[in-house]
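Here's a walk through the salt bridges, the enclosed spaces and the nonpolar packing of one chain. Have the viewer open as you read.

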Amino acid sequence: MDVGTPQNRDSWGSKAAFILAAAGSAVGLGNIWGFPTQAGRNGGAAFLIVYLVAVAIIGAPVMLAELMIGRNTQRNPVGAFKRLAPNTMWWLIGAIGVLTGVMILSFYSVIAGWTLSYIVKAVTGTFTSSTDTNALFGQVAGTPGQAIGWHLAFMVLTAWVVLGGIRDGIERSTKILMPLLVIILILLSVRAVTLPGAGEGLGFYLKPDFSVIDGGVIISAIGQAFFSLSLGMGAMITYGSYLDKKQELVSSAAWVTGFDTAIAFLAGLIIFPTLFSSGFNPDVEGPSMVFVVLPQLLSSMPPQPYGGIIFGTGFFMLLAIAALTSSISLLEVGVTWAVDEKGWSRRKAALLLAALAFVIGIPSALGNGAVSWLTHVPGVGIDFLDLMFTIFGSFGLIVGALFISAFVGWKWGVGNAGDEVRATDGSFALGGLWVVLIRYVCPIALVGILVHTLLQTF
Ligand code: TRP
């Protein structure tokens with residue numbers, strides 16, 4: 001995926017290849033780890049509903065906006081804004097996006113590192129034979145050597161894929177792995193909803209109690225939507241920049257958005273029945289939730305006694321790979337920028353940025369039991385990883401998406417943006433609706449959130 005000048009630039013082989021790669025970026029830990037964690041903390045079904053609304057009226061229009069910018073300019077986020085608004089400060093949004101990408105990568109790799117260690121635990125039958133899955137998680141996340149070691153291992157994997165021309169890697173692997181992930185998730189959800197006591201979990205997840213919806217729930221849902229869809233920091237501008245001017249935009253955006261949302265929904269369908277059936281509390285488990293709850297389900301899979309090993313290994317391998325197709329997109333944004341704008345070699349960019357993200361990720365790795373002041377950061381009371389997630393994974397993306405929607409709605413203009421759609425799609429049937437969403441609904445909702453957050457913090 002070398003950038004270079006527009007004439008010798010790569011492009012995706014087909015619309016399907018693009019959709020799979022963009023879906024590979026979107027589908028990751030955010031769906032399987034992040035979504036159930038957020039839903040568990042924010043009232044279950046009520047969160048699910050707010051989330052679906054957020055995806056439809058804010059996530060989808062911003063997805064389309066990022067793809068329009070990327071495909072129109074065929075450039076990295078900084079270069080794209082420079083091209084569409086020369087001699088202005090708009091390029092700063094791209095620059096903040098690049099920074100946000102490195103910051104998100106720093107803690108993303110920590111969690112992804114846990115999935116690597118769980119592959120080993122599954123293969124060796126450790127969690128089939130263990131009864132205390134909380135202690136099991138503590139052995140990985142709470143031991144400095146393990147936590148940092150697995151984080152390093154995952155970062156090396158990410159850098160290695162980005163270094164070696166990800167075009168083939170991404171296109172080829174997502175074609176096989178995404179369908180496999182869907183199949184294993186469906187099998188697990190069938191098992192989960194038929195567990196004894198699953199009904200209570202299904203109720204928590206599907207029967208909304210609207211009284212729990214407050215500003216905090218709405219912010220978490222919108223932040224989660226951006227994170228899960230890989231929006232707000234230029235990843236979709238970058239991926240869109242490799243789309244050639246033949247593929248339809250609106251249906252591409254719809255496929256990626258719909259697919260990502262379906263996977264998150266399925267993850268909840270697996271986690272909550274299992275959680276309630278094994279007596280956990282949905283809002284206390286925090287970042288470890290998936291790692292503590294899922295081994296219970298996995299080890300109960302038929303045929304006994306091997307089901308745990310088969311499904312455990314399969315599941316955590318697919319999760320690690322889903323994480324990898326996402327983490328490469330986080331690193332790729334910075335690498336494309338450094339190659340394009342700074343003239344670095346791809347190798348130098350990938351190695352330096354990955355090393356930086358690794359170092360910044362160390363406190364996140366140590367904040368899940370290994371070091372107590374990082375586990376309860378003084379003054380905020382949450383762990384360091386959670387703090388990073390809140391600042392960069394949620395707040396930063398909301399700020400980014402605000403500026404992207406304002407840019408497309410008001411600066412570059414909905415007319416130009418609409419022409420980009422019509423160039424390939426022929427017509428833009430939902431154009432009128434999209435214009436209202438991107439010009440008014442998105443900016444107003446996002447400004448509202450920022451004001452609310454600032455008022456709460458100070
Ligand atoms: N969307 C991915 C997930 O759900 C994470 C991710 C990849 C991401 N690229 C991103 C998040 C860009 C925000 C921005 O796991």
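## Ground rules

Throughout, a residue is called buried when its relative accessible area is under 20%, exposed when it is over 50%, and partly exposed in between. Glutamate 332, for instance, has a relative accessible area of 0%, so it is buried. One thing to keep in mind: this is a predicted model.

## Salt bridges tucked inside

A search of the whole structure turns up seven salt bridges. Start with glutamate 420 and arginine 71, whose closest N and O atoms are 2.8 Å apart. This pair ties together distant parts of the chain: glutamate 420 belongs to helix H19 (residues 414–425), arginine 71 to helix H3 (residues 45–73), and 349 residues separate them. Are these two partners buried or exposed? Glutamate 420 counts as buried because its relative accessibility is 6%, and arginine 71 is buried too, at 0%.

Next up is the salt bridge between the side chains of arginine 346 and glutamate 332, with an N to O distance of 2.8 Å. Here, too, distant parts of the chain are linked: arginine 346 sits in helix H16 (residues 346–366) and glutamate 332 in helix H15 (residues 307–342), 14 residues apart. Arginine 346 has a relative accessible area of 12%, so it lands in the buried class, and glutamate 332 is the 0% case from above.

## A bridge within one helix

Now look at arginine 422 and aspartate 419, whose side chains meet in a salt bridge at 3.3 Å, N to O. Both residues lie in helix H19, three residues apart, which is about one turn of the helix. Arginine 422 is partly exposed, with a relative accessible area of 37%. Aspartate 419 is partly exposed as well, at 45%. Salt bridges with shared partners also join Arg71, Lys245 and Glu420 into one network.

## Closed cavities

How many cavities of 30 Å³ or more are there? The count comes to five. The largest has a volume of about 140 Å³. Its lining is made of 17 residues, with Ser25, Tyr108, Phe227, Ser230 and Leu330 lying nearest the centre. Helices H1 (15–26), H2 (29–41), H5 (91–123), H11 (215–229) and H15 are the elements that give two or more residues to that lining. H15 provides the largest share, three residues. By class, the lining of the largest cavity holds 10 nonpolar, seven polar and no charged residues.

The second largest cavity comes in at about 50 Å³. You can pick it out by its lining: Thr174, Leu177, Met178, Leu181, Leu318, Ile321, Ala322 and Thr325. Helix H9 (166–193) and H15 each supply at least two of the residues there. Six lining residues of the second largest cavity are nonpolar, two are polar and none is charged.

## Open pockets

If you're after open space, the largest pocket holds about 870 Å³. It is lined by 25 residues, of which Ile219, Ile382, Thr390, Ser394 and Thr453 lie nearest its centre. The elements giving two or more residues to this lining are H2, H11, helix H18 (384–411) and helix H20 (431–457). H18 accounts for the largest share, with eight residues. The lining of the largest pocket splits into 11 nonpolar, 12 polar and two charged residues.

The second largest pocket has about 260 Å³ of space. Ala60, Pro61, Leu64, Val250 and Leu430 are the closest to its centre among the 14 residues that line it. H3, helix H13 (249–277) and H20 each bring at least two lining residues to this second largest pocket, and H13 gives the largest share, five residues. Its lining has 12 nonpolar, two polar and no charged residues.

## The nonpolar core

Which residues touch the most other members of the largest nonpolar core? In that set of 156 residues, they are Ile69, Phe226, Phe315 and Trp434.

Take phenylalanine 315 as a place to zoom in. Setting aside neighbours within four places in sequence, phenylalanine 315 is in contact with Ile32, Ile184, Leu185, Leu188, Leu294 and Leu298.

Definitions and conventions: Residues numbered from 1 in each chain as written. Predicted model: local features only at pLDDT ≥ 70, side-chain atom pairs only at ≥ 80, totals over all residues. Heavy atoms only, no water. Salt bridge = Lys/Arg side-chain N within 4 Å of Asp/Glu carboxyl O. Helix = DSSP H or I, 4+ residues; strand = E, 2+ residues; numbered from the N terminus. Buried < 20%, exposed > 50% of the residue type's maximum accessible area, 1.4 Å probe, protein only. 1 Å grid on protein atoms, 1.4 Å probe; cavity = no way out; pocket = protein on both sides within 12 Å on 5 of 7 lines; lining within 4 Å. Points joined across faces, edges and corners; volume = space filled by probe spheres on them. Nonpolar A, V, L, I, M, F, W, Y, C, P; charged D, E, K, R; others polar. Core = buried A, V, L, I, M, F, W, Y, C linked by side-chain atoms within 4.5 Å. Contact = heavy atoms within 4.5 Å.
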